[in-house]
Amino acid sequence: MSKFAKTLITATVAGALSTVAFSADYTFKFQSSDPSGDKNFQIQKEWTERVERMSGGRIKINLLPVGSVFKHTETLDGIKMGILDGQITATEFFSGKDAAFGLIGNTVGAWSDTTQLLQYINYGGGYELMNELYAPYGVKFIGGSTTGVESFVSRVPLDGVEDLKGLKLRAPEGLVQRVFAAAGAAPVNLPGSEVFTGLSKGVIDAADYTVFSTNQKAGMNDIATHPVQPGFHSLPLIDVSMSMKKWEKLPEDLQEIMTTSVRDFANDITTQLRIADQKAVKVAQQDPNITIHDWSAEERKKFREIARTQWAEFAKQSPNAQKVYDSITSYLEENGLL
């Protein structure tokens, strides 16, 4: 056999082995609710890579940024139709389908830190409830995460509930707007992509947007120089879920890998964002033009009391929403969080 033939055979065999080694048994298409340039998306990509390694290459998740196939409010439909296999998204985006998603997705004023929400999801009944809510859509809730208690961006000083009265603020539709309206503010419908422009032109005075480090990086604190940090209002549930049909085809060991990896992802993203926030706060504190406002425990309690009245009103919108309300308030009461 010629040297050329031996080389060709060696290359062919190596190529075949390479194909076997890197050909996943299960390939999924997930869509994120975050743009590709965001730190959130980058951490989500790290999760998909970790799943591939943990599964020995048997699972491959192709993660697409927000809007790639469906709008962020329509990925649940995309999974139901079989066009998407899964999603990493904020559950509150589906409040238009059922108020229950809005209530469990962002129980405004309920959680003071990320561990409280994650404990409820993992050990307080939230995991089971999310799977019950998703069942009619043919979707499996693999696990929950969050980002961090969101900072509050403001052009004017905010030191308590009284300062919210008459404030023109951007807030997502649904429960968030209801709570701020009940506190005396004037909520404005504005897409996240227009928050910076709205603040810079004075269309809004403040915004419920995202965590401090992301706001700082986007230059929000340069034009809205009175951020509230730590935030007092919003801690969104970020859920990782997928087609139930695809989930049921996974062997038990791969299901366990997926479940465990999401809990690791939750710890990873909350930790990374907390570190990023701490660094960003230090930078902002050195800027004489930025004043960080930290609400007192008394003012936070006042806001929560207002929020709780709106939870109860929101719960009246559907039987599922009432079920969420009963579950969360029971958990908060049993754990001394109300």
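Buried means under 20% relative accessible area, exposed means over 50%, and partly exposed lies in between (1.4 Å probe, protein chains only). This is a predicted model, where local features need pLDDT of at least 70 and side-chain atom pairs count only at pLDDT 80 or more, while totals for chains, interfaces and linings use all residues. Residues are numbered from 1 along each chain as its sequence is written, and side-chain values use heavy atoms, with hydrogens and water left out.

**Exercise 1. Classify Val69 by its accessibility, then find its surface partners.**

Step 1. Val69 counts as partly exposed because its relative accessibility is 38%.

Step 2. Locate Val69 in the loop between strand 2 (59–64) and helix 3 (75–80). Helices (H or I, at least four residues) and strands (E, at least two) are DSSP runs, numbered from the N terminus.

Step 3. Val69 joins Met81 and Ile83 in a nonpolar surface patch, and together they have about 270 Å² of accessible area. A patch is made of residues with over 30% relative accessible area and no salt bridge, with like charges joined within 9 Å and nonpolar side chains (Val, Leu, Ile, Met, Phe, Trp, Tyr) within 5 Å. Accessible areas come from the Shrake-Rupley method with a 1.4 Å probe, and for residues only the protein chains shown count as cover.

**Exercise 2. Trace the salt bridges of Arg50, Arg58 and Lys323.**

Step 1. Start with the criterion: a side-chain nitrogen of Lys or Arg within 4 Å of a carboxyl oxygen of Asp or Glu. Searching the whole structure gives 13 salt bridges.

Step 2. Arg50 pairs with Asp268 at 3.7 Å, N to O. Here helix 2 supplies Arg50 and helix 12 (residues 252–285) supplies Asp268, 218 residues apart. Arg50 and Asp268 are both buried.

Step 3. Arg58 meets Asp253 at 2.8 Å, N to O. Arg58 sits in the loop between helix 2 and strand 2, and Asp253 in helix 12, 195 residues apart. Arg58 is partly exposed because its relative accessible area is 28%; Asp253 is also partly exposed, at 39%. A network of salt bridges links Asp25, Arg58 and Asp253.

Step 4. For Lys323, the partner is Glu132, with the closest N and O atoms 2.6 Å apart. This pair links helix 14, which holds Lys323, to helix 6 (residues 126–134), which holds Glu132, across 191 residues.

**Exercise 3. Which residues of helix 7 are buried, and what covers them?**

Step 1. Pick out Leu175, Val176, Gln177, Val179 and Phe180 as buried residues of helix 7.

Step 2. Their cover includes helix 4 (99–105), strand 5 (152–154), strand 6 (168–170), strand 7 (186–188), strand 8 (206–208) and helix 13 (297–315).

Step 3. Look just past the end of helix 7, where Gly184 has a positive phi of about 100 degrees.

**Exercise 4. Describe the largest pocket and its lining.**

Step 1. The largest pocket holds about 1400 Å³ of space.

Step 2. Its lining has 45 residues, and the closest to the centre are Ser33, Phe93, Arg170, Gly192 and Tyr209.

Step 3. Helix 2 (39–54), helix 7 (175–182) and helix 9 (212–217) are the elements that give two or more residues to this lining.

Step 4. The method uses a 1 Å grid over the protein atoms alone: a pocket is an open set of points with protein on both sides within 12 Å along at least five of seven lines, and lining residues have an atom within 4 Å of a point. Grid points are joined across faces, edges and corners, and a volume is the space filled by probe spheres set on the points.

**Exercise 5. Is Ser151 buried or exposed, and what does Ser151 touch?**

Step 1. Ser151 is buried because its relative accessible area is 1%. Find Ser151 in the loop between strand 4 (139–145) and strand 5.

Step 2. Contact means heavy atoms within 4.5 Å. Not counting residues up to four places away in sequence, Ser151 touches several residues, including Thr210, Phe212, Gln229 and His233.

Step 3. Ser151 and His233 are 82 residues apart in sequence, with their C-alpha atoms 8.4 Å apart.

Step 4. Gln229 also takes part in a cis peptide bond, leading to Pro230, with omega near -5 degrees. Pro230 lies in the loop between helix 10 (220–223) and strand 9.

Note on methods:
1 Å grid on protein atoms, 1.4 Å probe; cavity = no way out; pocket = protein on both sides within 12 Å on 5 of 7 lines; lining within 4 Å.
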